[in-house]
Amino acid sequence: MTMQFAAMPDDNGYFGEYGGQLIPPELKAIMDDINTAYEEVSQTEAFQSELQQLFADYVGRPSPIFHASRLSSKIGGAQIHLKREDLNHTGAHKINHCLGEALLAKHMGKTKVLAETGAGQHGVALATACALVGIDCEIHMGAIDVAKEHPNVTKMKILGCKLITVDSGTRTLKDAVDSAFQAYLEDPFNTIYAIGSVVGPHPFPKMVRDFQSVVGREARAQFLEKHNKLPEIVMACVGGGSNAIGLFTEFLPDEAVRMIGVEPAGKGLDTPDHAATLTKGSKGAIHGFECYNLQDENGEPLPVYSIASGLDYPGVGPQHCYLKDIGRVEYVAIDDKECLDAFMELSRVEGIIPALESAHAVAHAMKIAKDMPVDANILINLSGRGDKDADFVADKLGL
Ligand SMILES: *Cc1c(COP(=O)(O)O)cnc(C)c1O
């Protein structure tokens with residue numbers, strides 16, 4: 001099993017029937033160059049030692065695992081443990097792959113990193129990594145998102161990145177992706193595209209997974225050292241799927257460990273207002289790859305919704321689609337209300353304000369822990385902290 005998963009994806013970038021490169025030939029040639037460079041550079045001692053050093057001294061890795069014992073005893077079932085990615089520099093897991101991508105750009109001799117951003121989380125993490133590595137950064141963002149996401153826009157400016165406001169189409173993430181790809185095609189020689197999750201054309205789902213897999217490597221070793229056994233369940237929220245695959249990868253060969261990915265059910269799975277791609281989607285193409293999609297009858301992405309803007313995507317990483325089909329990972333959905341309840345509960349019982357994204361995973365753990373024995377363990381990837389969500393939640397709940 002280890003080999004089977006380690007070897008994923010195949011040479012064409014497929015995980016089973018998902019992934020690949022559904023892109024114009026000129027872009028395919030560029031992606032293949034990135035793949036070749038990645039395979040060479042990422043194996044070198046120089047690259048690995050620089051990345052590991054930055055993980056330690058800059059990000060603050062390893063992130064600890066915290067036993068949420070008060071929350072666990074209040075629920076009265078399994079023990080809940082949190083892998084504290086919220087304690088990373090910049091407050092979430094995204095810095096792990098952004099540092100990898102920025103370093104790769106530098107080692108490939110590129111002078112500029114290009115990306116799109118929706119709510120701005122990826123933009124801020126990438127602008128941070130580029131400032132550190134000393135490479136130009138250009139972020140495309142829809143005009144509506146620019147107006148909405150004030151703190152992240154300000155941070156990107158302070159960090160010195162060039163922000164391109166996209167005024168075409170729906171003026172949101174989808175148009176930002178198109179605009180960024182357009183800019184990329186104009187100068188693929190000096191620039192590199194940095195995708196924000198385990199999505200997009202090959203090799204991004206593989207590369208971003210590899211950079212995020214540090215989370216699961218640390219977590220498995222930390223848990224074994226402390227408890228002398230593995231957790232019964234590991235769990236994470238799934239937007240594009242990078243924090244989840246980062247935790248899951250190291251545990252994939254441990255067949256006794258159950259894995260659960262938690263999607264946003266938004267206002268309900270029977271309404272149009274959710275983003276539960278694996279739960280409710282069907283196979284299709286989006287942004288250059290094949291995956292489960294929330295799409296209309298013409299294969300166009302549906303407008304999706306989640307209270308957590310980081311989970312608000314109509315596609316999902318191809319490896320998750322494969323893991324769902326073979327039954328290795330279960331995917332469930334948590335709605336806005338359950339998410340908000342978990343957000344408040346973790347804040348008040350443990351003094352940890354989670355990101356609304358991460359609160360989806362906490363909510364599902366709270367749901368199932370009560371029916372498990374007290375000596376069972378659930379390990380959650382707490383993907384980020386909730387500073388960015390605090391005002392919104394306080395408003396929403398009238399605090
Ligand atoms: C972006 C984000 C997510 C969702 O992205 P994945 O690629 O699914 O991990 C989850 N949590 C936080 C805190 C985020 O910023």
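**Around the ligand, and on to the cysteines**

The shell of residues around the ligand is made up of 10 polar, four nonpolar and two charged residues. Keep in mind as you look at it that this is a predicted model. Both domains take part: domain 1 (15-55 + 93-209) and domain 2 (62-91 + 213-397) each supply at least three residues to the shell. Of the 16 residues around the ligand, the ones that come nearest are Lys 94, Ser 197, Gly 241, Ser 242 and Ser 383.

Let's zoom in on some oxygen atoms of the ligand. In the side chain of Ser 197, an N or O atom sits 2.6 Å from a ligand oxygen. His 93 also offers a polar side-chain atom, 3.0 Å from an oxygen atom of the ligand. With Gly 239, the backbone is involved: one of its N or O atoms is 2.8 Å from a ligand oxygen. On its own the ligand has 380 Å² of accessible area, and the protein covers 97% of it.

Now turn to the cysteines. How many disulfides are there? With a cut-off of 2.5 Å between cysteine sulfur atoms, the count is zero. Cys 137 is one residue left without a disulfide, as its nearest cysteine sulfur, in Cys 130, is 3.9 Å away. Cys 137 is also buried, at a relative accessible area of 7%.

Why is Cys 339 not bonded to the closest cysteine, Cys 237? The two sulfur atoms are 9.3 Å apart, which is too far for a bond. Cys 339 is buried as well, with 0% relative accessibility.

Terms used. Residues numbered from 1 in each chain as written. Predicted model: local features only at pLDDT ≥ 70, side-chain atom pairs only at ≥ 80, totals over all residues. Heavy atoms only, no water. Near = heavy atom within 4 Å. Polar contact = N/O pair within 3.5 Å; in protein donor to acceptor, adjacent residues only side chain to side chain. Areas by Shrake-Rupley, 256 points an atom, 1.4 Å probe, with all protein chains shown as cover. Nonpolar A, V, L, I, M, F, W, Y, C, P; charged D, E, K, R; others polar. Domains from an automatic or database assignment. Buried < 20%, exposed > 50% of the residue type's maximum accessible area, 1.4 Å probe, protein only.
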